[in-house]
Amino acid sequence: MIYDALIGPFTEFEFMRRALAAVIALALAGAPIGVFLMLRRMSLVGDAMAHAILPGAAVGFLLSGLSLFAMTAGGLIAGFAVAILAGVVARSTGLKEDASLATFYLASLALGVTIVSIKGTNIDLLHVLFGNILAMDDQTLLVVAFNATVTLLVLAVIYRPLVIESVDPLFLRTVSRAGGPAHLAFLALVVINLVNGFQALGTLLAVGLMILPAGTARFWSRDLTTMICIAVVAAAVSGYAGLVLSFQTRVPSGPAIILVATMLYIVSVLFGRVGGIVRQLFPGRHLEA
Amino acid sequence: MAALHFHNVTLGYDRHPAVHHLSGEVAPGALVAVIGPNGAGKSTLLRGIVGILKPLAGSIHLGGLDARDIAYLPQSVEIDRSFPISVFDFVGTGLWRATGLFGGIGRAAREKILGAIASVGLNGFENRPIGTLSGGQMQRVLFARVLLQDASLIVLDEPFNAIDTKTTADLLALVKRWHGEGRTVLAALHDMEMVRNHFSDTLVLARGPVAWGPTAEVLTPENLIVAMRMCEAFDDSAAACAADDVSSRAA
């Protein structure tokens with residue numbers, strides 16, 4: 001009975017196994033990126049970038065139909081273009097980077113929806129906006145796994161400067177020139193992982209599997225390494241439970257995954273060991289020293 | 001060979017000078033206090049020395065020092081105290097020169113980090129997140145990092161602001177230890193008593209240099225009055241400075 005509900009779907013159906021593999025790859029790479037996004041106070045930047053990917057993916061869709069490969073390539077190009085343009089506008093004018101990003105992503109979203117509507121149907125639009133993790137073919141799965149691997153390798157290379165730049169940017173500037181390149185590499189990783197998540201969860205929810213587990217982890221640890229591990233586990237668990245939920249009910253897979261991640265987040269906000277609400281309301285007697 | 005050589009240097013923002021036509025040398029191993037009223041250009045000068053700010057005119061020579069040979073303790077630290085990093089790891093970043101991107105932190109390095117934390121009197125704080133420290137403890141942590149940087153030129157921007165007397169005394173002892181080890185130390189300060197008692201040389205700055213030399217000769221009431229009279233605001237409609245070869249003084 002329990003076996004049928006929790007493991008059965010994956011032994012029985014290949015598309016469920018593929019979906020599970022994809023979601024674990026997404027969790028491994030996306031969650032650490034999410035932790036850094038959160039700690040660098042860039043959570044909403046991630047969200048804005050996710051929208052920016054849309055027109056690129058839409059152009060890919062326009063050129064070669066629902067080919068995930070073409071849409072990925074388009075998404076990467078559009079994401080980088082918007083990230084760089086927003087950075088340039090922010091640096092060459094007085095506009096803050098978040099404001100200039102907001103402008104670009106609103107324009108991108110409008111443009112993307114327009115492009116998809118020109119050729120496709122409403123179903124296509126839904127697919128682009130919310131993804132379909134149950135439709136993973138071999139090629140797509142390989143792309144997802146490849147992007148995840150690249151992400152972890154690059155993150156290992158830029159880890160030290162990225163951490164120092166997050167804590168004390170001025171210090172890093174005085175001892176090394178690695179700060180700028182590390183920041184750019186990090187932005188590139190954000191784009192890569194958003195495109196990755198876009199396959200499974202669509203443009204609107206892709207950032208969810210990065211940010212929500214990161215937020216969850218924040219309530220359980222004060223240590224960066226532990227935080228990243230917790231975030232990865234939370235993301236993988238959300239993916240698995242979301243797939244089961246969507247299999248057993250009629251909830252679409254992408255929203256199901258994000259809803260489970262949200263549940264974990266809410267539980268953490270309430271009961272988290274570090275700054276959770278219950279802990280704050282009932283802190284126990286104060287200590288001696 | 002001087003550790004630092006200012007060649008008619010002007011530093012500032014948006015073409016407005018904050019340090020105006022400064023020339024002079026700092027001898028290797030000197031212990032120099034930089035004093036002056038708020039807005040006199042002390043921080044600007046130090047930022048110029050460490051290379052964060054490019055001079056508007058003139059140049060600063062570091063006597064063959066690399067940027068990595070300089071340890072800089074800024075006044076308003078942009079440290080994100082909420083970032084989950086322990087005192088040990090944070091102080092350890094001071095070893096950047098030795099470890100760079102990938103260098104491992106071996107047993108010797110760990111000993112060094114623990115030693116630095118002990119020298120600033122923070123034994124037992126190694127695993128505390130930096131977010132839980134008090135202002136004075138954080139300043140001690142920053143000094144520990146400077147200690148690890150093992151720099152031949154140490155630049156401190158108002159390092160004793162908002163710090164109690166005990167901590168100030170401890171940290172001042174570290175500064176004198178650096179001086180004893182032959183390192184060049186520059187510090188922007190406000191406490192005249194401390195400057196008089198502990199710093200051999202003093203630069204009185206009020207946008208332009210007012211006086212520079214042995215503390216006993218420079219730290220006179222006359223010089224301080226001149227410095228205090230400095231006009232703080234930039235003149236938005238100021239003309240381009242013509243005195244490019246003459247060293248001018250702020251009125």
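Which residue in β2(B) does Tyr13(B) stand opposite? I looked this up in the predicted model and found His16(B) in that place.

Entry on the strands. I followed the pairing outward from there. Strand β1 of chain B, residues 4–13, pairs with β2(B) in the antiparallel sense, over 7 bridges. I then traced the whole sheet: 3 strands of chain B, ordered β2-β1-β4, make an open sheet with antiparallel pairing. At the edges I noted β2 (16–26) and β4 (57–61) of chain B, each of which pairs on one side only. I also looked up the turn between neighbouring strands of this sheet, which is 30° on average, direction ignored.

Entry on the helix over the sheet. I found helix α1 of chain B, residues 42–50, lying across β1, β2 and β4 of chain B. Against β1(B) this helix runs at about 120°.

Entry on the core. I looked up the largest nonpolar core and got 164 residues. Met49(A), Ala231(A) and Val155(B) have the most contacts inside it. Helix α3 of chain A, residues 14–39, gives the most to this core, namely 15 residues. I listed the neighbours of Val155(B), leaving out residues up to four places away in sequence: Leu46(B), Ile49(B), Val50(B), Ile70(B), Ala71(B), Tyr72(B) and Leu186(B).

Entry on the two chains. I found 20 residues of chain A in contact with 20 residues of chain B. On the chain A side, the elements that give two or more residues are α8 (138–167), α9 (169–175) and α12 (224–248). I sorted that side by class and noted 12 nonpolar, 3 polar and 5 charged residues.

Note on methods: Residues are numbered from 1 along each chain as its sequence is written. Chains are lettered from A and ligands numbered from 1 in the order in which they are written. This is a predicted model: local features need pLDDT of at least 70, side-chain atom pairs count only at pLDDT 80 or more; totals for chains, interfaces and linings use all residues. Two residues are in contact if their C-beta atoms, placed from the backbone, lie within 7 Å. Helices (H or I, at least four residues) and strands (E, at least two) are DSSP runs, numbered from the N terminus. Ala, Val, Leu, Ile, Met, Phe, Trp, Tyr, Cys and Pro count as nonpolar, Asp, Glu, Lys and Arg as charged, and the others, Gly among them, as polar. A nonpolar core is a set of buried Ala, Val, Leu, Ile, Met, Phe, Trp, Tyr and Cys residues joined through C-beta atoms within 7 Å. A residue is buried if 20 or more other C-beta atoms lie within 10 Å of its own, exposed if 12 or fewer, and partly exposed in between; C-beta atoms are placed from the backbone. Two strands pair if DSSP finds at least two bridges between them. Axes are lines fitted to C-alpha atoms, for helices over the stretch in contact, and angles run from 0 to 180 degrees between N-to-C directions.
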